[in-house]
Protein chains: 2
Amino acid sequence: MRFEPAGREVDVPSGTLLSEAAQKAGVDVLMPCGGQGRCGRCAVIVETGETKRRSTQRLSPDAVAAGYVLACQTDVVSDAVVRVPPQDKIERRLTDGKRVSKVALPFSYSVHDQPLRKYAVTLEPPSMQDQTDDWSRLRRELSRQHGMGEIQASLPVLRKLGHVLREGDWTVTVVVDLDPLGYPKTADTPPAPPQLIDVLPGEHLETLWAIAIDIGTTSNHVWLVDMISGEVLSQQAAYNGQIARGEDVISRIIYASKGNGLAELQDLVMGTLNQLIAQATEERGVDPDEIYKATIAGNSTMIHLFTGTPPESIRLSPFITAVNQFPPFPAREIGLRVNAEAVLDCLPGIASYVGADITAGVVSSRMCEEGKLTLFIDIGTNGEIVMGDCTWLIACACSAGPAFEGAGVVHGMRATAGAIEEVWINRGDADDPYEIEYRVIGDDAPRGICGSGLISLMAEMFVAGVIDKSGNVDLTLPTDRVREGEHGAEYVVAWADESATGEDIAITTVDLDNLMRAKAAIYAGFSVLAESVGLSLADVEQVLIGGAFGQYINVEKAIQIGLLPDKPFESFHFLGNTSVRGAYVALLSEERRQRVDEVGQMMTYLELSADNTFFDAFNAALFLPHTDESQFPSVMALQARNAREG
Amino acid sequence: MRFEPAGREVDVPSGTLLSEAAQKAGVDVLMPCGGQGRCGRCAVIVETGETKRRSTQRLSPDAVAAGYVLACQTDVVSDAVVRVPPQDKIERRLTDGKRVSKVALPFSYSVHDQPLRKYAVTLEPPSMQDQTDDWSRLRRELSRQHGMGEIQASLPVLRKLGHVLREGDWTVTVVVDLDPLGYPKTADTPPAPPQLIDVLPGEHLETLWAIAIDIGTTSNHVWLVDMISGEVLSQQAAYNGQIARGEDVISRIIYASKGNGLAELQDLVMGTLNQLIAQATEERGVDPDEIYKATIAGNSTMIHLFTGTPPESIRLSPFITAVNQFPPFPAREIGLRVNAEAVLDCLPGIASYVGADITAGVVSSRMCEEGKLTLFIDIGTNGEIVMGDCTWLIACACSAGPAFEGAGVVHGMRATAGAIEEVWINRGDADDPYEIEYRVIGDDAPRGICGSGLISLMAEMFVAGVIDKSGNVDLTLPTDRVREGEHGAEYVVAWADESATGEDIAITTVDLDNLMRAKAAIYAGFSVLAESVGLSLADVEQVLIGGAFGQYINVEKAIQIGLLPDKPFESFHFLGNTSVRGAYVALLSEERRQRVDEVGQMMTYLELSADNTFFDAFNAALFLPHTDESQFPSVMALQARNAREG
């Protein structure tokens, strides 16, 4: 069969899914829902040939009539020609446009703060009088010159030893991990002998490289770290290559459980990370073989997929990870393109939905060292929330759904060029009180609305009275922008003639409902966490917001819709990507690395689905800003003022 | 190009060696010298097409005229058709014909003598109230139920954990190595946490399998061991698949240093071992995945090739191994087909030519526990000799050359069907005092003479006066059997009409010279070893003979030619393959395993090429039985009696 317009041909047996055939042909068909037939994004047109549809649920009768089928729900029957519409291009602009800012050293760093070492050693060459084997000879000198007792080595290092010793004329540089057993350690854990990671001919003490990795469901980050100075010398980011196989962790888990899905997802994320490593090392003229360690943070599903561990049980009640704390292992075992023997240290998570990204985030945020009652939140598809201080920590995760990532919203999109990221409804303008202004990423014509734009829009609509506290659009308003659309009442943000798509960009009641559920889930998480320890949100002294998305949230507007608790602006701190930052500090410091384990151990996990508390809190939060208005005094004051002025 | 008679075609660039082209085409061309152009055994006929000969040294002018070339010394120039003569078939009869004898337990064995364990564990299933991850849950129960503290696991085991726990409905069997760091241990070596090797659904405590392996240059042995009873349940042996790439270790090392040679030799031995493992497990209905450990003995070159470690420095002065003691590693790293995570424990050698086969042999022989002064010898291509008792040990290796393996002797052959293994010259028969009787392996017509047959023949010829003490054939004797042949004086052992080849089977002066050098090298080794510690061979209280070949030596005749020291028959003990036996006892007992290390540490290695002592002793031994006749009183007495009777 053939895929157009790429013109790629592929032979597949009858009964093969079109999506699989496309993949085999090397034609990208995005499946944000992971191939469950739920999202409708993988629609393709069968031009000739016979296929068999399993489901057309997500296609309109017109689309079906026009020959559209869902690639993930349609079997090939006979030789066919299939046309693939242009796919949502995933633009790699995560670090484009603006130069990434220099990362400050998190503490006064010394190379001795961490266990990676390089030593130069000169050996007496063997002779008839001293026929000691190469490996014993090296160990003897490491003991004499550097006080190292026992030392371990893997087969690949031992294999190269003889050549390297002779190539270096009996002077070599060894790379050693002084702490190879990894974490967690208890008082009884005996110290393990150091591990020889590499041996290089000659003396090469001037460099020592490692990387910090954050594997997000949406985006991946790699920081190249000079372990001698501790500095981050390159920051790279890209969308996770797995996105085409599912937007959220649930879709990925489902995809991983089918056929070769797990291996495929592992390959995809490895492809992304290897590309980022290649970019970082090229930028700094570093040989990837000289990267001897990687510390990895990410949510539990991402860590499972990265290590090739089946993640199924994460999704099924009672929601159990296979492994929260992976032991360190060599890079060659999963194909990460750094030195084959480089130590990969996956930071520990504590539960299926509170992963290493959160433990790393907490350590990097320093909330675990503070006396103040702190709320830490990482907002994305899932909102992970941690509350506590230096003496206790409690965490939960609430599934906000992908609305803040632009999915589940008709004109939603990711925060890339063409996305509306901020809006203002001109309440002050008496002539046209429901007119709107917006700011677009890249200053282009708008193509849709991203997460921060949606929060801003919902808040503005609420404050301007376009929607009521239940999120219903007031169709009686004297403006063309409110109207009855195909999916119920809607409000037009941008008209067809100003948009890049040639269509009106509007937000519908259904969209608003999805956003309402998303913000309610997060706020309910805050509430339940506080309640569970007998506190109220009013007791919280500071709110730390992590995650790349968090950086772009307008706090004032997030409070107006009841997404964030009503606190003074100074209480909020935006920390950016706390996950990669946590991986970085754990890489730099054995003590901070140990702290990640301790944080994991001290953190109590609250499973929100265990009883009805969360459900009740969620229902209470399904209003703007909340059923209990007393929790949002500043919003109430604003509304009162508007009412007076209006 | 094409190879006949197989009819295999292959495309190779001009300039490719014929031997490489043959290998690529899957056509076996034996290269006993490892492709050095020394042995002449890889001769093939170029029927059409152009080739370029590098050397024809080993071909007669007639052969060259007939189109013969050496495959290892000839480049392909144009498309060619090459005919490969029938290759010496390597017969796998090492264990055929006679049922292997049951191996007695070397001591009163208990499964607790060694560190491999199986435990059944039943876990509380996870719940909303206890969301502990699978891996922590398993560790928790191993600690509670079996008192195990920390435990390590590799990625492949962690990957399967979730599925296995659920498949076993939360009852699983774990396989653990309590001592994963391996040897050698010093007093400072902290105990390492046990290693989880496998996890199986349900309870399976009834079996626990491991194997003992001996990798000989010529033959490989695999013993399947029931670790619960300690019994050997299957013994398998085959010729090492590397033989086609070189008969001796030097040829293999040279072969390994060229192109892809190392990987190829590793594949070949792995192929042989995997075949033996398949046979052993089939015989006993065992799944190879249930073999959780292998203990491996072999000479240093064989261990290097098995692990894929370049062996070059073994052959070059000052003769250094890369690694005498490999740390344990999982089977998957080299492709041995047992459980992928099975622990492979390569026993330690002490020098390039005194390998793990000898340390293992010494431990299995128990000479290291005895008060008696003992001489241990393993005769093969190399003769490794150890002298000492429970308080000291000294070892050396002398290169005897391959004469005892039937190479370097015109009618020499391996000890397979058709080999003459014992001869008697009818000195008593006055009518025909130089007539001969012989015994052939398999009772066939003779095809050649194997090592034990050569020793027997040389001794009989010497005692009967067919050769003098320098090994010269007496052409004046009144028998047709002595004659001037193509290669000088020779003695006919079997006439053309009684042989399977249709040719006379004779032994020539050149052959006798090779045999003389072989026996002289070994005896010189004994002498130098004794001298080096201020002792004489007369002080030796027992002689232990290891090696498969050793078993078939007729001691009386070996003494007559001066190969073995002149001692009463009761002083000699034949131990058979002490190498595989040593691997077996090391597998069974942590204490014996530790003893192999201790033996390695206590054994002094004497490098014979370091000064002229060996050379002098070797020259003194180049006579029958020896220059110093006083060392062989029994042989002198026999000769005196024969002279009286003759």
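A residue counts as buried when 20 or more other C-beta atoms lie within 10 Å of its own. The legends below describe a predicted model.

**Figure 1. Helix H13 of chain A is mostly covered.** The helix runs over residues 578–588 of chain A, and 11 of its 11 residues are buried. Among them are the polar-named positions Thr578(A) and Ser579(A), together with Arg581(A) and Gly582(A). The buried set also includes Val580(A), Ala583(A), Tyr584(A), Val585(A), Ala586(A), Leu587(A) and Leu588(A). Ala583(A) is one of the residues that touch the most other members of the largest nonpolar core.

**Figure 2. Helix H7 of chain A and the glycine that follows.** H7 of chain A covers residues 300–307 and is mostly covered, with 8 of its 8 residues buried. Its buried residues are Ser300(A), Thr301(A), Met302(A), Ile303(A), His304(A), Leu305(A), Phe306(A) and Thr307(A). Gly308(A) comes after H7(A) and has a positive phi, near 75 degrees.

**Figure 3. Val493(A) in the largest nonpolar core.** This core has 341 residues. Those touching the most other members are Ile211, Val493 and Ala583 of chain A and Ile211, Val493 and Ala583 of chain B. When residues up to four places away in sequence are not counted, Val493(A) touches Ile420(A), Val423(A), Ile436(A), Tyr438(A), Ile449(A), Leu457(A), Ile505(A), Ala506(A) and Ile507(A). In soluble globular proteins, nonpolar side chains tend to be buried together.

**Figure 4. Surroundings of Val386(A) in strand E19 of chain A.** The strand spans residues 382–388. Val386(A) has 28 C-beta neighbours inside 10 Å and therefore counts as buried. Neighbours within four places in sequence aside, its contacts are Ile358(A), Val362(A), Phe376(A), Leu393(A), Ala395(A) and Met603(A). Ala530(A) is 144 residues apart from Val386(A) along the chain, and 9.9 Å separate their C-alpha atoms.

**Figure 5. Two cis peptide bonds that precede proline, one in chain A and one in chain B.** In chain A, the bond from Leu624(A) to Pro625(A) is cis, with omega near -10 degrees. Pro625(A) belongs to the loop that links helix H15 (613–620) and helix H16 (633–645) of chain A. In chain B, Ser317(B) and Pro318(B) are joined by a cis peptide bond whose omega is about 5 degrees. Pro318(B) is located in the loop between helix H7 (300–307) and strand E16 (329–330) of chain B.

**Figure 6. Positive phi at Phe319(B) and Arg366(B).** Phe319(B) is not a glycine, yet its phi is positive, about 60 degrees. This residue sits in the loop between H7 and E16 of chain B. It has 18 C-beta neighbours inside 10 Å, so Phe319(B) counts as partly exposed. Arg366(B), also a residue other than glycine, has a positive phi near 70 degrees. Arg366(B) lies in the loop between helix H8 (356–365) and strand E18 (374–379) of chain B. With 16 other C-beta atoms within 10 Å, Arg366(B) is partly exposed.

**Figure 7. The interface of chains A and B.** On the chain B side 43 residues take part, in contact with 44 residues of chain A. Helix H3 (134–146), strand E9 (152–153) and helix H4 (155–167) of chain B each supply at least two residues of the side that touches chain A. H4(B) gives the most, with 6 residues. By class, this side of chain B has 22 nonpolar, 14 polar and 7 charged residues. The copies meet through the same surface, because 100% of the interface residues of chain B are also interface residues in chain A. Chain B is superposed on chain A by a rotation of 180 degrees with 0.2 Å of shift along the axis, at an RMSD of 0.2 Å. The two copies are thus related as by a two-fold rotation axis.

**Figure 8. Domains 2 and 4 of chain A.** Chain A is divided into domain 1 (2–83), domain 2 (111–201), domain 3 (209–357), domain 4 (366–402 + 516–645) and domain 5 (403–511). The centres of domain 2 and domain 4 of chain A, taken over C-alpha atoms, are 47 Å apart. Contacts join 6 residues of domain 2 to 7 residues of domain 4 in chain A. On the domain 2 side, these residues divide into 3 nonpolar, 1 polar and 2 charged.

How values were computed: Residues numbered from 1 in each chain as written. Chains lettered and ligands numbered in written order. Predicted model: local features only at pLDDT ≥ 70, side-chain atom pairs only at ≥ 80, totals over all residues. Least-squares fit on C-alpha atoms with pLDDT ≥ 70 in both. Contact = placed C-beta atoms within 7 Å. Core = buried A, V, L, I, M, F, W, Y, C linked by C-beta atoms within 7 Å. Buried ≥ 20, exposed ≤ 12 C-beta atoms within 10 Å, placed from the backbone. Helix = DSSP H or I, 4+ residues; strand = E, 2+ residues; numbered from the N terminus. Nonpolar A, V, L, I, M, F, W, Y, C, P; charged D, E, K, R; others polar. Domains from an automatic or database assignment.
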